[in-house]
Amino acid sequence: MSDTALATTFRTHLCGSLRDEHVGASVRLGGWVHRARDLGGLVFFDLRDRAGLVQVSVDLSRATPEVAAVASSLGAETVVLVEGTVAQRPEAMRNAELSTGTIEVKATGLRVLGPAETPVIPVARGKGEQLAAEELRLRHRYLDLRRDELQRNLVLRHRLMQTTRGFLTEAGFFEIETPMLTKPTPEGARDYLVPSRVHPGEFYALPQSPQIYKQLLMVAGYDRYFQIARCFRDEDLRADRQPEFTQIDVEASFVSEDDVMRIAEGLTRALWREAGSEVPTTIRRMGYAEALERYGIDRPDLRYGLEIADLSDVFRGSEFVVTKKALDGGGRVRGIRIPGGATLSRKQVDELETVAKGAGALGLLRIKRQNGALDGPAAKFLAEGAGDRLGLSDGDLGLYVAGPDHISSPALDRVRQEVAQRMQLVPSDVNAFVWVTDFPMFERDPATGALAAVHHPFTAPNPSDLDLLESEPWRARAQAYDLVLNGTELGGGSIRINDPRVQSRIFRLLGIDEASAQSRFGFLLEALRAGAPPHGGIAFGFDRIVMMLAGATSLRDVIAFPKTTAARALFEGAPSAVPASDIAELHIRVESEHA
């Protein structure tokens, strides 16, 4: 955008937009004092706005008394108006780190527009200077947001939003807003409930996603919909999760999985290109079962090896108590080979075992191969040639978990990630995208055996597995797909159920009786009976995408006004108590938790 478009009564240019071609021009600038240096007869200060910094100099011997007085008393973050002329900096005073580093503004006018108290947290930091504590920065977010890093992140967020809108509009999608006050229909997390003043005892919910609404839009014939949607989930405290978040929500009619994945890949390429990166021409696909077998998780990081292998046959027949008990109980012995891992100390391997135990394993078996011999508690119980069968070369370390897959998979996934980080096996310049497909429709509660939807109850089963819904529903596969990058899920979606009879069958399998289904989802069933096209879509976690493309380490660094991990907005003090009269008007009563 040109300076002309941003010119106002107060300014002619943005500070960070000035260049050599402006030398000799008279300019008027507005901004914040970033740093000031008084060298006696000469005052220098850096003036900052959203476009960046420019150096301003004031020659006190030539300045008017009013300008000299202001220049000599400038405090950090004071908002000032500067009038002056752009001049070339002397060669020795140029700053190659600034885009405006070859020029400065020689001020002839200087006026304070917004006086500032000494900032509670510094906006300008010297090299090596640490940031203030995060809670303090969140408490004073208006200051924290002035930092260059956060401004860059939020500008990138804006650009990615516009890229999203442009790409999907060009692909024939309509941007349609869906309600924020919705019917409570829990999707796996708790709803944020909103009491109705005009309907005593009744509640709205803030949407966890626009899922049902976008399906209704497909039934209504809009064919292609998208929304950059605000969503809300009242989840228990989790690191780097936000109770309100943004997702790119997409739905289309008369599509297959391949169609949705093709659209999603196109959008992903457009977003990465906007951020200066590229996405491979072809993104590989991997079934859910394969992902769990080889990597222990349904969002595998493919930037490095350390694949999980089934070594049950090597241990079968062994009298080693741990593996024998696991195998006799129907479990397996699975593990990873760490090339050169024999050099890890016992303490380091013990730390890896702690990681495995934290993920549910009872322990972590270890076998080293050095000078052709195997070493480890289980080694003496193995037959000759076991080292080769385990795939261990000289100097390698094998780490194994014995037990059922639901224990060994998450434990080995955690160990795999920890080893990769510790041994610096993760390349920093590789983006490993993968589609994970063929998710199961259901998962079983290990205690009760009850079925729960792996994604959500509106996901269509694989047509080949329809017969399994009555006999072995836990084996049925869903038409669902997740796009994963470097071990992080970017987005997930599915083909939806468009046959009301199949939808009713799924509800019954999930323990939702006809009356409950009608109460919770009757409007959807009614719509499906009106004639629904085959349809499907995907939702991307927009905050997470921005975080990855910005190179940020926290979601809070790419959201203007985030909550803490305790779901509090420190800068405004929310949530907060409200007057009893307001509570009474909503026809609800607040009980003390100690009552």
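This is a working chat about cavities, pockets and salt bridges in a predicted model.

Trainee: What kind of model is this, and what limits apply?

Mentor: The model is predicted; local features need pLDDT of at least 70, side-chain atom pairs count only at pLDDT 80 or more, and totals for chains, interfaces and linings use all residues. Residues are numbered from 1 along each chain as its sequence is written, and side-chain values use heavy atoms, with hydrogens and water left out.

Trainee: How many salt bridges turn up?

Mentor: The whole structure has 45 salt bridges. A salt bridge here is a side-chain nitrogen of Lys or Arg within 4 Å of a carboxyl oxygen of Asp or Glu.

Trainee: Which residue does E134 pair with?

Mentor: E134 pairs with R556, and their closest N and O atoms are 2.8 Å apart. This pair links distant parts of the chain, 422 residues apart: E134 is in helix 3 (residues 134-139), and R556 is in the loop between helix 17 (542-550) and helix 18 (580-585). Helices (H or I, at least four residues) and strands (E, at least two) are DSSP runs, numbered from the N terminus.

Trainee: Is R556 buried or exposed?

Mentor: R556 is buried, because its relative accessible area is 9%. E134, at 29% relative accessibility, counts as partly exposed. The cut-offs are under 20% relative accessible area for buried, over 50% for exposed, and partly exposed in between (1.4 Å probe, protein chains only).

Trainee: And what does D301 bind to in a salt bridge?

Mentor: D301 forms a salt bridge with R303, with 2.7 Å between the closest N and O atoms. D301 is buried at 9% relative accessible area, while R303 is partly exposed at 22%. Elsewhere, salt bridges that share partners join R125, R137, R141, D144, R147 and E149 into one network.

Trainee: Switching to cysteines. How many disulfides are there?

Mentor: The search of the whole structure finds 0 disulfides, a disulfide being a pair of cysteine sulfur atoms within 2.5 Å. C15 counts as buried at 0% relative accessibility, and C231 is buried at 0% as well.

Trainee: OK, empty space. How many cavities?

Mentor: There are 6 cavities of 30 Å³ or more in the whole structure. On a 1 Å grid over the protein atoms alone, a cavity is a set of points where a 1.4 Å probe fits but cannot get out, and a pocket is an open set with protein on both sides within 12 Å along at least five of seven lines; lining residues have an atom within 4 Å of a point. Grid points are joined across faces, edges and corners, and a volume is the space filled by probe spheres set on the points.

Trainee: What lines the second largest cavity?

Mentor: Its volume is about 110 Å³. The lining has 13 residues, and E235, D236, R241, Q242 and P243 lie nearest the centre. Two of those named, R241 and E235, meet in a salt bridge at 3.6 Å, N to O. R241 is partly exposed at 33% relative accessible area, and E235 is partly exposed at 29%.

Trainee: What about the second largest pocket?

Mentor: That pocket holds about 1,200 Å³ of space. Its lining has 38 residues, with G52, L53, L98, D148 and R152 nearest the centre.

Trainee: Which element gives the largest share of that lining?

Mentor: Helix 5 does, with 8 residues. Helix 1 (3-6), strand 1 (26-38), strand 2 (42-49), strand 3 (52-59) and helix 5 (148-170) each supply at least two.
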